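Student: Could you take me through one part of this structure closely, and then show me how the rest fits around that part? I would enjoy one long, connected answer.

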Amino acid sequence: MSLFRPTIDSLRAYTPGRQPAAGARVIKLNTNENPYPPSPSAVEALRALDPDQLRRYPHPFGDEFRRAAASVLGVDPTWVLAGNGSDDLLTLLVRATAGPGRPVVYPTPTYVLYRTLAAIQDAPVVEVPFDTDFALPVDRLAAAAGALTFVANPNSPSGTVASHERLSALANALDGVLVVDEAYAAFAEEDALALLETHPNLVILRTLSKSHALAGLRLGYAIAHPTLLEGLAKVKDSYNVGAVAASVGSAAILDTAHTATTVARIQRNRAQLTEALQRLGCRVWPSQANFVLVRPPHGDAARVHRELERQGILVRYFDEPALVEVLRITVGTRAEQQTLIAALDAILGPLDSA
Ligand SMILES: Cc1ncc(COP(=O)(O)O)c(C=O)c1O
């Protein structure tokens, strides 16, 4: 007899991108980390941490961070719930709203963790393929009548975005909760914050992992109507934000000038990377995130991925039927991108009409 529920026995666990040991000599463009350092104020907050904060339990809601985030967003702190990365908030959302007879719905291809979390909760899953060029299939998503609907915006792995109008139409059409996962919104032209006031079933998720260069800290937050967040808080761990994360994260989110500078740099690098890849004959989808989705000239993404890895350059290849011909490449520093492009140039060989 198994020690586990049948669901867990048959579960295909989520596989994160490869994380080589610290100090390994690789160019890491596979998990959408920020290539630049976090805010100096955040590093200073880490150094200045009072050891007594380690001895004691933290505030159960990471209140220092909650207040800092709320002040930057211009909302009341009751509209913010912090978590151990936005993955933690995704877990809370599924735990609180989905289950047998209460479906989880999302467009595909997208962030694979949505599927895993729904499966753990024994919730039915409705996967709705994106329309051509990753346009959001609003009507078909609404028709699936999810208890919980996820839209990553910008989407991963495509980097493409859905407009306010489409997100608003979807929120209006749904009886359940709509989550707009804005892990990458800092790199985009707009975000969905303004929709919160008029859509009580909308939750926006943000993270400090990408725009704030703090993936190792594990800190994310949800923004939504306080009534909705109260429901989520019922199912969270008692102390889901550590004292270190609350303190360092507060300093980071308050340093809006540093974030703006870093984001602008990444946007410029993204444009340069897109152009260089196109010159090599790759198809590159228009991205508003800190990565690009790329189809090498012959669609032999698996081979290109392997060859790059052999040279110590990590990019993301997804073993998913819809994605066999593409790679997701994180925007890096200019130097990292130059090395990548030189390697790709050699791997792809002379340009032909493929
Ligand atoms: C769409 C999306 N949502 C959420 C996350 C998780 O981010 P965090 O580091 O905050 O858990 C990721 C991370 O890659 C992501 O791509």
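Tutor: Happy to. A residue counts as buried here if 20 or more other C-beta atoms lie within 10 Å of its own. Keep in mind that this is a predicted model. With that cut-off in hand, let us look at strand β8, residues 220-224. In this strand 5 of the 5 residues are buried, so β8 is largely enclosed by the rest of the structure.

Which residues lie on each side of β8? Gly220, Ala222 and Ala224 are on one side, while Tyr221 and Ile223 are on the other, and both faces are covered. In general, the side chains of a regular strand alternate between the two faces of the sheet.

Now for the neighbours of β8 within the sheet. On one hand there is strand β2, residues 80-83, which runs antiparallel to β8 and is joined to it by 4 bridges. Within that pairing, Val80 has Ile223 as its bridge partner. On the other hand there is strand β7, residues 202-207, which is also antiparallel to β8, with 5 bridges between them. Here Ile204 is the residue whose bridge partner in β8 is Ile223. Ile223 is thus a handy residue to select in your viewer: it is the β8 partner of Val80 and of Ile204.

From Ile204 you can step on across the sheet. Val180 has Ile204 as its bridge partner in β7. The strands β6 (residues 177-181) and β7 are parallel and share 4 bridges. Alongside these strands, helix α9, residues 226-233, packs on the sheet and touches β2, β7 and β8. The direction of α9 makes about 135 degrees with that of β8.

Stepping back to the whole sheet, 7 strands form an open arrangement in the order β2-β8-β7-β6-β5-β3-β4, and the pairing is mixed. Its edge strands are β2 and β4 (125-129), each of which pairs on one side only. From one strand to the next, the twist averages 25 degrees.

A second helix to place is α4, residues 63-73, which lies across β2 and β8 and runs at about 130 degrees to β2. To see what else meets this helix, turn to α10, residues 243-254, where Ser247 is found. Ser247 is buried because 22 other C-beta atoms lie within 10 Å. Apart from residues up to four places away in sequence, Ser247 touches Ala45, Leu49, Gln53 and Glu64. Its C-alpha atom and that of Leu49 are separated by 7.8 Å, although the two residues are 198 apart along the chain.

Ile253 has its place in helix α10 as well. With 26 C-beta neighbours inside 10 Å, Ile253 counts as buried. Leaving aside neighbours within four places in sequence, Ile253 is in contact with Ala68, Ala69, Val72, Leu208 and His212. The C-alpha atoms of Ile253 and Ser71 are 9.6 Å from each other, with their positions 182 residues apart along the chain.

There is a ligand to find too. It is surrounded by 13 residues, and the closest are Gly85, Ser86, Asp87, Thr207 and Ser209. Sorted by class, this shell has 4 nonpolar, 7 polar and 2 charged residues.

Finally, let us place β8 in the chain as a whole. The domain assignment gives domain 1 as 6-30 + 257-348 and domain 2 as 40-255. The C-alpha centres of the two domains lie 24 Å apart. Their contact takes 25 residues from domain 1 and 25 residues from domain 2. On the domain 1 side, the elements that give two or more residues are α11 (256-279) and β10 (291-295). Of these, α11 gives the most, with 7 residues. That side has 15 nonpolar, 8 polar and 2 charged residues.

Strand β10 also belongs to an open sheet of 3 strands, in the order β9-β10-β12, with antiparallel pairing. The edge strands there are β9 (283-284) and β12 (327-330), each pairing on one side only. Between β9 and β10 there are 2 bridges, and Val284 stands opposite Val294 in β10. Helix α11 packs on this sheet, touching β9 and β10, and its direction makes about 10 degrees with that of β10.

Technical notes. Residues are numbered from 1 along each chain as its sequence is written. This is a predicted model: local features need pLDDT of at least 70, side-chain atom pairs count only at pLDDT 80 or more; totals for chains, interfaces and linings use all residues. A residue is buried if 20 or more other C-beta atoms lie within 10 Å of its own, exposed if 12 or fewer, and partly exposed in between; C-beta atoms are placed from the backbone. Two strands pair if DSSP finds at least two bridges between them. Axes are lines fitted to C-alpha atoms, for helices over the stretch in contact, and angles run from 0 to 180 degrees between N-to-C directions. Two residues are in contact if their C-beta atoms, placed from the backbone, lie within 7 Å. Domain bounds come from an automatic or database domain assignment. Ala, Val, Leu, Ile, Met, Phe, Trp, Tyr, Cys and Pro count as nonpolar, Asp, Glu, Lys and Arg as charged, and the others, Gly among them, as polar. A residue is near a molecule or strand if its C-beta atom, placed from the backbone, lies within 6 Å of it.
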